[in-house]
Amino acid sequence: MLWMFFLSTLAIGSLTFGGGYALISALQQELVVRHAWLTPDEFINGVAIGQITPGPLMIMVSFMGYKIAGLWGALLGTLGIFLPSFLLALFLSRYYKQAQASPPVRAALRGINAAVGGLLAAAALDLARGSLNNPVSVAIAVAGILLIGPARREPIWVLLAAGATGAWLLR
Amino acid sequence: MVSLAELALVFLKVGALGFGGPFALLALIEKEVVSRRGWLTPEEFAQSAAIGSLTPGPIFFAAAVNLGYKLRGLAGAAVAAAASLLPAFAAAVALAAVYFQIKSLPAIGGAAHGLKAAVAGLLFTVALRTGRSLVRDWAGAILAVASFVFLEFFKLNPAWVMIIAGLAGLLLYQRPARTNPEPGANGKSNIRGESREW
């Protein structure tokens with residue numbers, strides 16, 4: 001079963017482009033509907049855990065793996081889900097150095113660079129919409145902008161202070 | 001040369017503080033690797049983000065692998081990958097282990113909420129500054145706005161946005177370029193290679 005679970009996560013990890021939310025339905029299909037390793041309730045709890053832990057939503061696979069087969073399940077599931085991304089990124093990184101010398105590739109990259117600017121802006125707006133739904137959160141975000149931007153404070157302390165404030169006022 | 005220990009430390013930090021989704025993680029990496037330490041230029045960072053969006057899985061993860069590879073080769077890629085996931089993995093396993101005893105974890109939920117709000121603020125500053133150094137001309141500005149609109153309002157997959165932007169770049173920039181060095185687009189940051197030519 002451990003081996004089957006690993007193969008499932010490997011397959012899902014190589015197909016889900018576009019981040020964690022694309023992953024949810026694929027995982028549910030595989031783990032809940034097809035193999036019935038998790039109940040629908042456990043699955044939803046796993047998604048919630050993925051959201052309250054730091055890092056990618058995909059880490060919910062660690063939680064689900066733990067329920068399926070303990071620590072080894074958590075390890076292998078995480079490995080399986082991230083391995084395809086790791087290998088492809090490595091491959092692209094290696095190939096990229098040579099490709100970068102050619103003028104068409106450089107022209108294409110100039111276009112891509114500009115689009116990344118748009119991507120970051122869309123991300124800021126998305127996140128703001130999802131999290132700034134009460135006065136305390138808005139105040140934290142504004143304080144964060146001022147402290148990290150003009151005041152040039154170290155982000156790690158600002159974020160830790162924000163977490164403490166949230167734990168205190170937003171429970 | 002960046003040491004592997006330093007690399008691990010940076011990505012552990014990013015992994016531990018990265019609340020608020022894949023783009024927030026990307027912004028944290030930018031803050032640490034580009035604007036704070038100057039290990040990479042904004043262009044190199046943007047290319048890592050592009051590679052990230054062309055691979056399956058979270059964008060930040062593949063970007064971290066690419067950054068690690070650029071800085072320290074294969075070992076750097078492995079260290080960046082493992083370090084960026086370790087905090088989340090440890091948290092998920094610990095929560096799984098205690099989950100049945102404590103049904104709800106309100107304080108953790110509140111802390112995650114506060115962090116998310118601050119990360120939204122951080123992302124705003126990063127988008128502003130990175131955008132200023134990545135968008136160098138009118139065509140670039142139009143591309144940036146178009147990618148924003150398609151991602152935000154049409155929910156287009158980032159991989160498609162990157163592919164289309166690449167094709168647009170091919171059409172727009174491949175002619176014998178009139179070079180405009182754009183002085184001082186980003187005067188106050190300490191990014192190395194700021195005046196590098198394309």
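These notebook entries record what I looked up in a predicted model of two protein chains, A and B.

**Entry 1: chain B as a whole**

I began with the secondary structure of chain B, where I counted 7 helices and 0 strands, and reading along the sequence I wrote the pattern down as α-α-α-α-α-α-α. I then looked up burial and found that 56% of the 198 residues in chain B are buried. For the contacts in chain B between residues at least 6 apart in sequence, I noted that 66% join residues at least 24 apart.

**Entry 2: helix H3 of chain B**

I next turned to helix H3 of chain B, which covers residues 42-53, and checked its length against expectation: at 1.5 Å a residue its 12 residues should span 16 Å, and because its end C-alpha atoms are 16 Å apart, the two values agree. I also asked how many residues of this helix are buried. The count came to 12 of its 12 residues, so I entered H3(B) as mostly covered, with buried meaning under 20% relative accessible area. The buried residues run from B:Pro42 to B:Ser53, and among them are charged side chains at B:Glu43 and B:Glu44 as well as B:Phe45 and B:Ile51.

**Entry 3: the interface of chains A and B**

I then looked at where the chains meet, and found that the contact takes 82 residues from chain A and 94 residues from chain B. Between them the two chains bury about 7,900 Å², and 77% of that area is on carbon and sulfur atoms. For polar links across the interface I noted 5 residue pairs in polar contact, both residues of each being at pLDDT 80 or more. On the side of chain A that touches chain B, the elements giving two or more residues are helices H1, H3, H4, H5, H6 and H7 of chain A. Of these, H5(A) gives the most, with 27 residues. I also divided the residues on this side of chain A by type, which gave 50 nonpolar, 23 polar and 9 charged.

**Entry 4: the salt bridge between the chains**

Which residues form the salt bridge between the chains? I had found 1 salt bridge across the interface of chain A and chain B, and it pairs A:Arg110 with B:Asp137, at 3.0 Å from N to O. B:Asp137 lies in the loop between helix H5 and helix H6 of chain B, while A:Arg110 lies in helix H5 of chain A, so the pair joins two chains. When I looked up their exposure, both B:Asp137 and A:Arg110 turned out to be buried.

**Entry 5: salt bridges around B:Glu32**

Over all chains I counted 5 salt bridges in the structure, and I followed those of B:Glu32 further. Its side chain meets that of B:Lys13 in a salt bridge, at 3.3 Å from N to O. B:Glu32 lies in helix H2 of chain B and B:Lys13 in helix H1 of chain B, so this pair ties together parts that are 19 residues apart in sequence.

B:Glu32 also forms a salt bridge with B:Arg36, with the closest N and O atoms 3.3 Å apart, and here both residues lie in helix H2 of chain B, 4 residues apart, or about one turn of the helix. I compared exposure as well: B:Glu32 has a relative accessible area of 4%, so I entered it as buried, whereas B:Arg36, at 36%, is partly exposed. Salt bridges that share partners join B:Lys13, B:Glu32, B:Arg36 and B:Arg37 into one network.

Technical notes. Residues are numbered from 1 along each chain as its sequence is written. Chains are lettered from A and ligands numbered from 1 in the order in which they are written. This is a predicted model: local features need pLDDT of at least 70, side-chain atom pairs count only at pLDDT 80 or more; totals for chains, interfaces and linings use all residues. Side-chain values use heavy atoms; hydrogens and water are left out. Contact means heavy atoms within 4.5 Å. Buried area is the accessible area (1.4 Å probe) that two parts lose on being put together, summed over both. A salt bridge is a side-chain nitrogen of Lys or Arg within 4 Å of a carboxyl oxygen of Asp or Glu. A polar contact is a pair of N or O atoms within 3.5 Å; within protein, one must be able to donate a hydrogen and the other to accept it, and residues adjacent in sequence count only if both atoms are side-chain atoms. The expected span of a helix is 1.5 Å times one less than its number of residues. Buried means under 20% relative accessible area, exposed over 50%, partly exposed in between (1.4 Å probe, protein chains only).
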